Amino acid sequence: MTALTSTTSRTLLLVAAVAAGVVLPYLTGQYWIGIATEAVIFAIASLGLNVLIGQGGLVSVGHAGLFATGAYTAALTQTQYGLGFFTSALVAIAVTLVFTAAFAIAAVRTTGMYFLMITLAEGMLIWGLAHRWSAVTGGENGAVSGLRPGGFTRYYQYYWLALAVLVVVAVLLYLFTRSKAGLRIRATRDSAARLTSIGYSAPTQRFGAFLVSGAVMAVAGVLYAGYYPVVSPSTAYLSTSILFMLMVLTGGSGVFVGPIVGAVLLTVLRAAVSAETPRWPTVMGVVLIVVVLFAREGITGTLRDRLRSRRPATS
């Protein structure tokens with residue numbers, strides 16, 4: 001009965017959060033809706049990264065490269081080949097999956113620091129291409145983004161589109177984590193040797209996790225390209241990968257909605273602090289240190305553990 005009540009409470013809380021997101025444009029102005037749109041896009045990217053961090057126990061610092069691949073492909077196919085928004089999105093996901101598969105082949109047979117270093121090199125490779133291949137990407141000036149889809153040209157309409165995509169991606173990823181494939185990925189995190197002993201290949205499971213993660217990053221990149229006027233090489237830079245990783249860890253990689261909470265918190269905090277002081281990176285650093293020291297499971301993970309500790313024991 002307690003478990004059922006807890007599940008119902010979580011469901012109602014999530015529905016209330018989505019409803020609050022839907023009505024947000026009626027409560028605030030264009031500036032904060034712009035920040036909210038960015039937070040939603042980063043939340044999708046953080047969910048994608050958490051397939052590796054939370055599910056697979058693999059820390060990647062190169063996922064901004066996959067995010068940028070989706071964004072650049074969407075922008076270039078629209079502006080140079082005249083594709084529509086949704087068609088270019090499909091192409092962007094396909095191209096990103098090709099890069100993801102190539103990167104995964106090199107990375108999935110490693111773990112720990114070796115996996116981290118390989119993903120770092122892969123992310124910097126994408127950044128180098130975006131920066132140096134100026135004939136295609138525009139170099140430092142970036143690539144001009146494509147048009148938003150019809151019916152979503154206003155800032156609040158595009159926010160609703162991004163929010164709807166976040167909900168769909170979250171539901172699909174939740175179902176994936178509960179599937180047999182998701183369980184096998186968690187098994188590689190908990191005991192790869194035991195998984196191998198029953199006939200499954202740990203690198204194969206990690207490869208699948210990498211592909212799912214890359215597809216979600218591509219979706220976030222497409223939305224990013226549709227929202228911002230220019231896609232620049234900074235989209236693929238190491239700092240963007242670290243930002244995604246911090247969003248996952250701050251929110252809590254062990255709780256499904258943790259990356260969403262972390263993305264919203266850090267995006268809003270960065271906007272609020274940077275408006276008051278040019279030293280906002282220092283303030284952000286202090287906040288992150290506090291989270292690491294006092295909420296090692298992330299914000300949502302720490303709240304979950306405290307709520308569990310306060311539940312009365314059942315006989």
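Which way does helix α2 cross as it passes α7, left-handed or right-handed? The crossing is left-handed. Before you turn the structure to look, bear in mind that this is a predicted model.

Let's stay with that pair for a moment. Helix α2 covers residues 30-55 and helix α7 covers residues 155-178; their axes come within 9 Å and cross at roughly 15°. An angle under 35 degrees counts as roughly parallel, and α2 and α7 are therefore roughly parallel to each other. As for what the two helices bring to their contact, sorting the residues by class gives 19 nonpolar and 5 polar, with no charged residues.

While you are on α2, find T37, which lies in this helix. T37 has a relative accessible area of 0%, so this threonine is buried. Now look from T37 to G138, which is 101 residues away along the chain: the C-alpha atoms of these two are separated by 25 Å.

From here we can move to helix α12, residues 280-294. Its 15 residues reach 21 Å from the first C-alpha to the last, close to the 21 Å expected at 1.5 Å a residue. Which residues of α12 are buried? They are M284, L288 and V291. These three cover an arc of only 55° around the axis, and therefore sit on the same side of α12. A general rule helps here: an α-helix has 3.6 residues a turn, so residues three or four places apart point the same way. If you roll the helix over to the face turned away from its buried side, you will meet exposed residues there, namely T282, I289, L293 and F294.

Helix α12 also has a packing partner in helix α11, residues 258-274. The axes of α11 and α12 are 9 Å apart, and the helices pack at an angle of about 140°. Only angles over 145 degrees count as roughly antiparallel, so α11 is oblique to α12. In contrast to the left-handed passing of α2 and α7, the crossing of α11 and α12 is right-handed.

A few single residues in other helices round out the tour. In helix α3, residues 63-81, you will find Y72. Its relative accessible area is 6%, and because buried means under 20%, Y72 is buried. Y72 and V144 are 72 residues apart in sequence, yet their C-alpha atoms are 9.0 Å apart in space.

Next comes A187, found in helix α8, residues 180-197. Is A187 buried or partly exposed? At 22% relative accessibility, A187 counts as partly exposed, since the buried class means under 20%. From A187 to G56 is a step of 131 residues in sequence, while the C-alpha to C-alpha distance is 8.0 Å.

The last stop is G221 in helix α9, which spans residues 202-227. With 0% relative accessibility, G221 counts as buried. How far apart in space are G221 and V231? Going from C-alpha to C-alpha, the distance is 9.5 Å, and the two residues are 10 apart in sequence.

Conventions: Residues numbered from 1 in each chain as written. Predicted model: local features only at pLDDT ≥ 70, side-chain atom pairs only at ≥ 80, totals over all residues. Heavy atoms only, no water. Axes fitted to C-alpha atoms, helices over the stretch in contact; angles between N-to-C directions. Helix = DSSP H or I, 4+ residues; strand = E, 2+ residues; numbered from the N terminus. Parallel < 35°, antiparallel > 145°, perpendicular 65-115°, else oblique. Left-handed = near helix turned anticlockwise from the far one by under 90°. Nonpolar A, V, L, I, M, F, W, Y, C, P; charged D, E, K, R; others polar. Expected span 1.5 Å × (residues − 1). Buried < 20%, exposed > 50% of the residue type's maximum accessible area, 1.4 Å probe, protein only. Arc of directions from axis to C-beta.
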